[in-house]
Amino acid sequence: MTTIASVDASLIRIPLSRPWGAAVTSVGVIATHLRRSDGAEGWGFSWTPQIGAEAVLALLRHDIAPAAIGRPAEPGVAWQGLWEHVHEAGGGGVTTIALAGLDLALWDAAARAAGVGVSEFIGRRRESTRVYGSGVNLHYPLDELVAQVQRWVRRGFSAVKVKVGKPDVAEDLDRLRAVRAVLGPGRGLMIDANQRWDLDRATASLEVLGEVGPAWIEEPLRADDIDGHAELARRLAGGAGTPIAVGENLHTGYRFAEVLRRGAAQIVQPNIVRVGGITPLRRIAAIAEDAGAELHPHLLPELSGQLALTLPGRVADPWVEDVEDAGFAELGALRDPCPVEIVEGRLREVAHVGLGIRFAAAASS
């Protein structure tokens, strides 16, 4: 049996060319390197924009790596036992983010050993997938927001996502009217409140913003308020009917299953790193398919795009999110050419083995 022989981790701080806010000027990547007992190597990573990178690094070095040595190196086999091992520190959050660094490296090693990319190793269901333009843009002045949407249209995106949650919903509406004017009626417009509203404010705001025909409202309430999302879904079903999307801040398959069982969302958006890697993402995809829910992976198109090619599409083909000025390749963070390309609003793979994601340098930590 091939086992895990060693796991190393190091912290990289990647400066953002356009800050996501006054306090978010870089993102933290914890790069992982794994060696198997048969000599095969794999590279993975954990990721967190601002909070917790040092904690993730410590968890990987001091708890996950020692516990992983000697366990089976076949992708997916060790995940459950390691999750149970670190569960004392929390069922999700820092623990699952850290586990992703190991899980991704295991999948990378297996695909590299087979001489193929991860999507081919898993089994592709499509050769390309849809991409929408996205940005952290609530703080943009209106002219900058409009210019950003114009850039997305020129790049051929058929849908875009814009942040909402201004103190006065009338300002949100003015901004979305300007965005809709650029998009026209044929392109999709998603909106994202980033957990800024309470139930009554969400209800009232969506009655107003329904004018622009949102394709979905993302995280209208605190992510863990399942009761609130279920009640909001009930209210919206009798009015504007805007679908609710959640998932970037959910961390386990149990929580995704509960959200869907309660009717709290119609769309789920797992972040591959935050849920713990490819292994749990595939479980969540099966849960969503069984529930008849759409699944669109959150952020990280270099990674999410590859996995989107393998996901079931019985309900809807996946959308991949491309945040402007935030791609690892755009930021000069990758050691190798980017494993995916986005042309005219479609993502395709570029020839590579494994995940094709190795980082150029690591800060000493």
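**Buried residues, paired rings and enclosed elements in a predicted model**

At 1% relative accessibility, Glu219 counts as buried in this predicted model. Glu219 belongs to the loop that runs between strand 7 (217–218) and helix 8. Its backbone also deserves a look: although Glu219 is not a glycine, its phi is positive, at about 40 degrees. For a reader new to such angles, some background helps here. Most residues other than glycine have a negative phi. A second residue of this kind is Leu299, a residue other than glycine with a positive phi near 55 degrees. Leu299 is placed in the loop between strand 10 (294–295) and helix 11. With a relative accessible area of 11%, Leu299 is buried.

The loop that holds Leu299 leads to helix 11. This helix spans residues 301–308, and because 8 of its 8 residues are buried, helix 11 is largely enclosed by the rest of the structure. The buried residues of helix 11 are Pro301, Glu302, Leu303, Ser304, Gly305, Gln306, Leu307 and Ala308.

The loop that holds Glu219, in turn, leads to helix 8. Helix 8 covers residues 226–237, 12 residues in total. From its first C-alpha to its last, helix 8 reaches 16 Å, close to the 16 Å expected at 1.5 Å a residue. At the N-terminal end, Asp225 acts as a cap, with a side-chain oxygen 2.7 Å from the backbone nitrogen of Gly228. Gly228 is itself buried, as are Ile226, His229, Ala230, Leu232, Ala233 and Leu236 of helix 8. One general point is useful when following such a list along a helix. An α-helix has 3.6 residues a turn, so residues three or four places apart point the same way. The cover over the buried residues of helix 8 includes helix 7 (199–209), strand 8 (244–246) and helix 9 (253–261).

Two further helices each offer a buried polar residue to visit. In helix 6 (residues 169–183) lies Asp172, which counts as buried at 2% relative accessibility. A polar atom of the Asp172 side chain lies 3.2 Å from the backbone nitrogen of Lys166. Not counting residues up to four places away in sequence, Asp172 touches Leu138, Val164, Gly165, Lys166 and Leu209. Of these, Leu138 is 34 residues from Asp172 along the chain, and the C-alpha atoms of the two are separated by 9.1 Å.

In helix 10 (residues 278–291) the residue to find is Thr279. Its relative accessible area is 7%, so Thr279 is buried. The side chains of Thr279 and Trp107 are joined by a polar contact of 3.0 Å. Trp107 is also among the residues in contact with Thr279 once neighbours within four places in sequence are left aside; the others are Gly76, Trp79 and Asp103.

Turning to the strands, strand 2 (residues 26–36) and strand 3 run antiparallel and are joined by 8 bridges. Within this pairing, Gly28 stands opposite Thr48 of strand 3. The two strands form a hairpin with 4 residues between them, and Gly39 in the turn has a positive phi of about 90 degrees. Strand 3 is largely enclosed by the rest of the structure, because 7 of its 8 residues are buried.

Aromatic rings are the next stop, and the structure holds 8 aromatic pairs. In one of them, the rings of Phe45 and Phe359 have centres 5.5 Å apart and planes at 75 degrees, so the pair is edge-to-face. This pair links distant parts of the chain, 314 residues apart: Phe45 is in strand 3 (residues 41–48), while Phe359 is in the segment after strand 13 (346–349). Phe45 counts as buried at 0% relative accessibility, and Phe359 counts as buried at 11%. Phe359 also pairs with Phe328; their ring centres are 5.1 Å apart and their planes stand at 80 degrees, so this pair is edge-to-face. Here the link spans 31 residues, with Phe328 in the loop between strand 11 (319–323) and strand 12 (340–343). Both Phe328 and Phe359 are buried. Together, Phe45, Phe328 and Phe359 form one aromatic cluster.

Rings also meet charged groups in this model. The charged end of Arg358 sits over the ring of Trp43, 4.8 Å from its centre. Likewise, the charged end of Arg18 sits over the ring of Tyr140, at 4.0 Å from the ring centre.

Key: Residues numbered from 1 in each chain as written. Predicted model: local features only at pLDDT ≥ 70, side-chain atom pairs only at ≥ 80, totals over all residues. Heavy atoms only, no water. Expected span 1.5 Å × (residues − 1). Buried < 20%, exposed > 50% of the residue type's maximum accessible area, 1.4 Å probe, protein only. Contact = heavy atoms within 4.5 Å. Polar contact = N/O pair within 3.5 Å; in protein donor to acceptor, adjacent residues only side chain to side chain. Phe/Tyr/Trp six-rings, centres within 6.5 Å; stacked < 30°, edge-to-face > 60°. Lys NZ or Arg CZ within 6 Å of the ring centre and 35° of its normal. Pairing = 2+ DSSP bridges.
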